[in-house]
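Visitor: I would like to learn how to read a structure like this one. Could we go feature by feature?
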Amino acid sequence: MKILITSPAFSKPHMEGLIEAAKNAADEVVLNPYGRTMTVEELKELWAGAGAIIAGLEPYTADVLAQAPDTLKAICRFGVGYDSVDLEAAKARGIAVTNTPGTNSDAVADLAIGMMIAIARHIPQGDKSVRDGSWKRYTGLSMEGKKLGILGLGAIGKGVARRAAGFSMELCAYDPYFDESFAKQHNVKRAELDEIFTQCDYITLHLPVLPETIGIVNRETLGKMKPTAYLINAARGPLVNESDLYDALKNNRIMGAALDVYSEEPLKDSPLFQLDNIVLLPHIGGNTREAAIAMGRMAIDSALEILSTGGCRHIVNR
């Protein structure tokens with residue numbers, strides 16, 4: 001069996017052990033030679049005879065999948081999201097699609113808290129002021145006692161709630177499948193969207209991309225937010241209408257924002273670059289060594305299991 005690993009994360013030294021494990025279990029392992037997300041044409045040059053792909057962020061559209069080799073039985077995403085894969089087209093070709101749920105939850109929750117602190121305490125601006133000699137001492141805002149609204153109380157949202165409790169924040173959350181037991185244990189109040197947007201001092205997004213969640217942060221919902229509120233997005237770029245966010249920040253309708261994800265990545269020539277009340281990060285939420293190793297191990301294990309048994313509990317397009 002041949003496994004193609006397209007995710008550039010496997011080029012890092014801490015992933016060498018996983019690559020060796022894959023080589024011991026498979027007949028052939030082919031690695032992404034570019035150290036970046038591959039283009040479709042580059043993918044096609046390497047996927048001949050592959051039984052499984054450990055996939056990065058390259059697009060697996062219906063057109064791309066129509067050209068996939070007949071040997072391909074699994075596309076195992078290195079990560080939780082699978083927006084880049086046409087699930088129905090894959091299913092029609094008999095290709096199982098998997099993800100790696102839970103492997104980077106702690107890493108993303110850590111970053112979400114870090115983003116809150118960074119934007120509220122002007123950490124990036126403070127660093128710059130030391131480097132350029134201006135020594136500007138910014139006045140920030142405390143997180144203690146502030147109301148945090150969590151949109152999406154899944155694994156990451158729960159991680160944020162546990163961490164935010166250490167800052168003595170008032171916690172509320174929205175989730176269509178609200179976990180009452182967790183909420184009771186961690187003092188998280190169930191809230192509707194309108195309450196979160198109108199009352200919270202910090203709003204952090206941890207929702208999946210669905211037809212009903214795309215653009216959930218828009219001109220209307222931003223207009224409901226307090227002028228002293230902060231928005232955090234370490235989930236998915238399409239949840240936020242970036243043009244509307246730019247207008248809200250430029251006109252000081254909200255205090256600030258911090259983004260790790262965007263509607264198109266990498267972010268280029270964005271008007272958001274003009275603003276000093278936003279922190280912009282290059283999609284590093286799950287990018288810790290520990291999370292990468294856990295994601296890589298699960299993706300490889302899923303690929304091997306599908307190739308040997310035809311099934312796996314992490315398949316998302318049954």
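Visitor: Which side chain meets K189 in a salt bridge, and what is the N to O distance?

Guide: A word first: this is a predicted model. Now the general idea. Side chains of opposite charge can pair when their charged atoms come close. Here the partner of K189 is E195, at 2.7 Å from N to O.

Visitor: Are K189 and E195 buried or exposed, or in between?

Guide: Read the relative accessible area. K189 has 43%, so it is partly exposed. E195 has 16%, and the cut-off for buried is under 20%. E195 therefore counts as buried.

Visitor: How many salt bridges does the model hold by this rule?

Guide: The count comes to 16. Another of them joins K226 to D201, with the closest N and O atoms 2.7 Å apart. That pair links distant parts of the chain, 25 residues apart. K226 lies in the loop between α10 (219-224) and β10 (230-233). D201 lies in the loop between α9 (193-199) and β9 (202-205). K226 is partly exposed at 27%, while D201 is buried at 12%. Salt bridges can also share partners: D106, D110 and R163 are joined into one network in this way.

Visitor: What about E41 and K44, how far apart are their closest N and O atoms?

Guide: They are 3.6 Å apart, and the two residues form a salt bridge. Look at the spacing along the chain too. E41 and K44 sit 3 residues apart in helix α2 (residues 40-46), so about one helical turn separates them. K44 has 24% relative accessibility and counts as partly exposed.

Visitor: Let us move to sheets. In what order do the strands of the 5-strand sheet run?

Guide: Start from the general idea. Strands of a sheet pair through backbone hydrogen bonds, either parallel or antiparallel. In this open sheet the order is β2-β1-β3-β4-β5, and the pairing is parallel.

Visitor: Why is one side of β2 and of β5 left without a neighbour in the sheet?

Guide: Because β2 (28-31) and β5 (96-98) stand at the edges, and each has a single partner strand. As for twist, neighbouring strands of this sheet are turned by 15° against each other on average, direction ignored. For a detail, take β1 (residues 2-5): 4 bridges join it to β2, and the two run parallel. Within that pair, I5 stands opposite L31 of β2.

Visitor: What is the strand order in the open sheet of 7 strands?

Guide: Read across it as β8-β7-β6-β9-β10-β11-β12, with parallel pairing. β8 (188-190) and β12 are the edge strands, each with a single partner, so each has one side without a neighbour in the sheet. From one strand to the next, the twist averages 20°. At the β12 edge, 3 bridges join β11 (residues 256-259) to β12 in parallel. One residue pair there is L259 with its bridge partner L280.

Visitor: How many residues of strand β6 are buried?

Guide: The general idea comes first. In a regular strand the side chains alternate between the two faces of the sheet. Now the case: 5 of the 5 residues of β6 (residues 147-151) are buried, so the strand is largely enclosed by the rest of the structure. K147, G149 and L151 point one way, and L148 and I150 point the other.

Visitor: Which strands does β6 pair with?

Guide: β6 pairs with β7 (residues 170-174) over 5 bridges and with β9 over 4 bridges, in the parallel sense. Follow L148 as a marker. Its bridge partner in β7 is L171, and it stands opposite Y202 in β9. From Y202 you can step on to β10, where its bridge partner is Y230. The strands β9 and β10 run parallel, joined by 4 bridges.

Visitor: Are the residues on the two faces of β9 buried or exposed?

Guide: Buried, on both faces. Y202 and T204 lie on one side, I203 and L205 on the other.

Visitor: Last feature. How much space lies in the second largest pocket?

Guide: About 400 Å³. Its lining has 19 residues, and the closest to the centre are H122, Q125, Y138, D276 and N277. By type, the lining divides into 9 nonpolar, 6 polar and 4 charged.

Visitor: Which element gives the most residues to that lining?

Guide: α6 does, with 4 residues. Both α6 (123-131) and β12 (278-280) supply at least two.

How values were computed: Residues are numbered from 1 along each chain as its sequence is written. This is a predicted model: local features need pLDDT of at least 70, side-chain atom pairs count only at pLDDT 80 or more; totals for chains, interfaces and linings use all residues. Side-chain values use heavy atoms; hydrogens and water are left out. Two strands pair if DSSP finds at least two bridges between them. Axes are lines fitted to C-alpha atoms, for helices over the stretch in contact, and angles run from 0 to 180 degrees between N-to-C directions. On a 1 Å grid over the protein atoms alone, a cavity is a set of points where a 1.4 Å probe fits but cannot get out, and a pocket is an open set with protein on both sides within 12 Å along at least five of seven lines; lining residues have an atom within 4 Å of a point. Grid points are joined across faces, edges and corners, and a volume is the space filled by probe spheres set on the points. Ala, Val, Leu, Ile, Met, Phe, Trp, Tyr, Cys and Pro count as nonpolar, Asp, Glu, Lys and Arg as charged, and the others, Gly among them, as polar. A salt bridge is a side-chain nitrogen of Lys or Arg within 4 Å of a carboxyl oxygen of Asp or Glu. Buried means under 20% relative accessible area, exposed over 50%, partly exposed in between (1.4 Å probe, protein chains only).
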